[in-house]
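Grab a pen and work through a few exercises on the structure below. Try each task yourself before you read its solution.

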Amino acid sequence: MEEKKQCKGCGGALPFVIGFVAALIAGWVLFPDLMYSKKTQPVRFSHKIHQEQGLECAGCHTFRDDGSFAGIPTNEKCAECHSDVQGSDPAEKVYVEQYAKTGKEVPWLIYQYQPDNVIFSHKAHETLECTSCHPDMAKNDTPPVFYQNRLSGYSKQTMKMWKCERCHAENGVSNACHACHK
Amino acid sequence: MHGHVEREFKITWGMVIDLDKCTGCGACMTACQVENNIAPMLDASNKLRTLSWLLVFEMSNKKAAPDAEIAYLPRPCMQCGNPACVPVCPVVATDKNEEGGIVSQIYPRCIGCRYCMAACPYHARYFNWEDPIFPKGMEKALSPNTSTRPRGVVEKCNFCHTRFVQAKDKARQTGGNPDALPDGAYMPACAEVCPTGAISFGDLKNPEHKVHELAKGKNAFRLLEKLELHPQVYYVSKREWVRKLGDNYAATGKPGAEKKHS
C-alpha cells in the first residue's frame, strides 16, 4: 500500500516535460554561452562615421604590391588623419592618446581569423562585394562583440568551410583541398 | 587500372634536377625545412623517424679508384601523374585534383594510417611520430606559408604550394594572368636556393618554361618509370651509370637495367 503512494506523482508527462525543457535550455542557451568568452575591441571604432566621411573599404583595407591583403590598417595609416584629436568622440581620444602618440599598434580582435592551415586570397575574390562575405560594416557604429571559443581560441564569427565550399561549387570554382588549405 | 582515369591538367608543375650540377651541399634540404616548418629533432639519429620532405641521396658507381664516382640525388615528392598514394587513402586526406597537378596532403583530415607511405615507392612521405618541438624563440620565426603538423599525421613535399597561391596573387595585382604564370614567377624554396642552379622548376606543358625542353632532353629520366606513376620530377645526367640507377631493379628485376621507355 505504501509503495503505491510513493509512486503517485512521479510518473506522467509533467516531470518529463520539465526535464526536457531544462535540458534544452542548458544545451541551447547556457552551454553555448559558457563555451565562448565575450570580448570587446580595444577601441570603439565606428565604421559608420568613416563611411560617412566618404571613405571606401579599400581606402584603409589595402592590397600590398605583391597582391597580399594587408587586412586591418596599422597606426601609419590611421595617423594620416588621427595624429591628433580631431572630433569630439571619446573613442578617438582613446585611440590618439593610447596608441597613435605612443606608437603602439592597436591589438584589434579579428573576427575572421582563420585556423593556421587555411589560406585565403582576398585578391582572388576581389570582384565580389565585401558584403557578400563580411557583415555590412558601413552601417556599424559600435564594433560587434567578439566571441572567442574558450577551448580552441578561435572566433565564433569566422567563415566556415561549408560556406566556402558551397560558393565555390555554385560558381564552378575548384573545391580542391589545396585551393584553401596549406 | 581499376577503371581509374589519370586526370589531365592544363598546367603541370614539374621539376628538372640536373644531377651533374648537384654537389650534395644540402642547401635545398635546409631551405625546405625552414619554408615548411619542419622542427629540428632533439635526437635525429633514428632515420626512420626523421622528417625530410626533400632528401638528398648519395649514389656511387661502386668502382674502385681511379674510376670511382659519386652523384647526389635530391628527392622531393614526385607529384605523380598517377599517384600510388591517393587511391589508398581511406579519408581523402590526399588528392590530386587541382590545376597544376600537385598532390595535396591535408593534415587535419589525415588519420595516420600510413597506407600512403606504404604505397609510395619513392618514400616521399613521412609520419610525425612526435609533436614538433621548436627551440625557444624559433616558434616566433615560423614560416606563415605552411601550417605545423601534430603527432600522428603524414606529411610530404607539396612543391611549396603556398608560393603558387602567392604567385597567382602577384600576377593579379600586377595585371598578369594567374593561369599562365611566366617562367620563374613560382619557385619552390629548394629551386630558389640551389647555389649551382641544379634544380629547375616550371610548367612542363608551357613551351615558354625552360623545364618544358629540359624534361624532353635525351639525358632526362624519371625514377622507377616502369611503375608508370608518371612523376612530374625529372632528372638529368650525362653519366650513364647515374641514369641506370634511376630505374634500379625495375625493368628486369636486376640492378642497373636498361631503360625500356622511349
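What follows is a set of tasks, each with a worked solution.

Some ground rules: residues are numbered from 1 along each chain as its sequence is written, and chains are lettered from A and ligands numbered from 1 in the order in which they are written. This is a predicted model, in which local features need pLDDT of at least 70 and side-chain atom pairs count only at pLDDT 80 or more, while totals for chains, interfaces and linings use all residues.

**Exercise 1. Confidence in chain A**

Find where confidence is lowest and where it is highest in chain A.

Solution. Start with pLDDT, the predictor's confidence in each residue, from 0 to 100. Chain A has a mean pLDDT of 89, with 95% of its residues at 70 or more. Now go by element: the low point is helix α1 (residues 2-7) of chain A, with a mean of 56, and the high point is helix α7 (residues 161-170) of chain A, at 94. Helices here are DSSP runs of H or I with at least four residues, strands are runs of E with at least two, and both are numbered from the N terminus. A word of caution: where pLDDT is low, don't read the predicted coordinates in detail.

**Exercise 2. Where the chains touch**

Work out which helix gives the most to the side of chain B that touches chain A.

Solution. First, count contacts, meaning C-beta atoms, placed from the backbone, within 7 Å. On that basis 21 residues of chain B contact 18 residues of chain A. Next, look for the main contributor: helix α4 (residues 161-173) of chain B, with eight residues. Finally, sort the chain B side by type, which gives five nonpolar, ten polar and six charged residues. Here Ala, Val, Leu, Ile, Met, Phe, Trp, Tyr, Cys and Pro count as nonpolar, Asp, Glu, Lys and Arg as charged, and the others, Gly among them, as polar.

**Exercise 3. Strand order**

Put the strands of the four-stranded open sheet of chain B in order, and say which stand at the edges.

Solution. The order is β8-β1-β10-β9 (chain B), with mixed pairing; two strands pair if DSSP finds at least two bridges between them. β8 (199-203) and β9 (220-221) of chain B are the edge strands with a single partner each, so one side of each has no neighbour in the sheet. Then zoom in on β9(B), which is joined by two bridges to β10 (residues 233-236) of chain B, running antiparallel. In that pair, B:Ala220 sits opposite B:Val236.

**Exercise 4. One face of a helix**

Which residues of α1(B) are buried, and what do they pack against?

Solution. Call a residue buried if 20 or more other C-beta atoms lie within 10 Å of its own, exposed if 12 or fewer, and partly exposed in between, with C-beta atoms placed from the backbone. In α1(B), B:Cys28, B:Cys32 and B:Glu35 are buried. Looking down the helix axis, they fall within an arc of 70° (taken from the directions from the axis to the C-beta atoms), so they line one face of α1(B). Their packing partners are β3 (70-75), α5 and β8 of chain B.

**Exercise 5. Backbone oddities**

Find the cis peptide bond, then place B:Leu224.

Solution. The cis bond joins B:Ala65 and B:Pro66, with omega about 10°. B:Pro66 is in the loop between β2 (55-60) and β3 of chain B. B:Leu224 belongs to the loop between β9 and β10 of chain B, and its phi is positive, near 50°.

How values were computed
Two residues are in contact if their C-beta atoms, placed from the backbone, lie within 7 Å.
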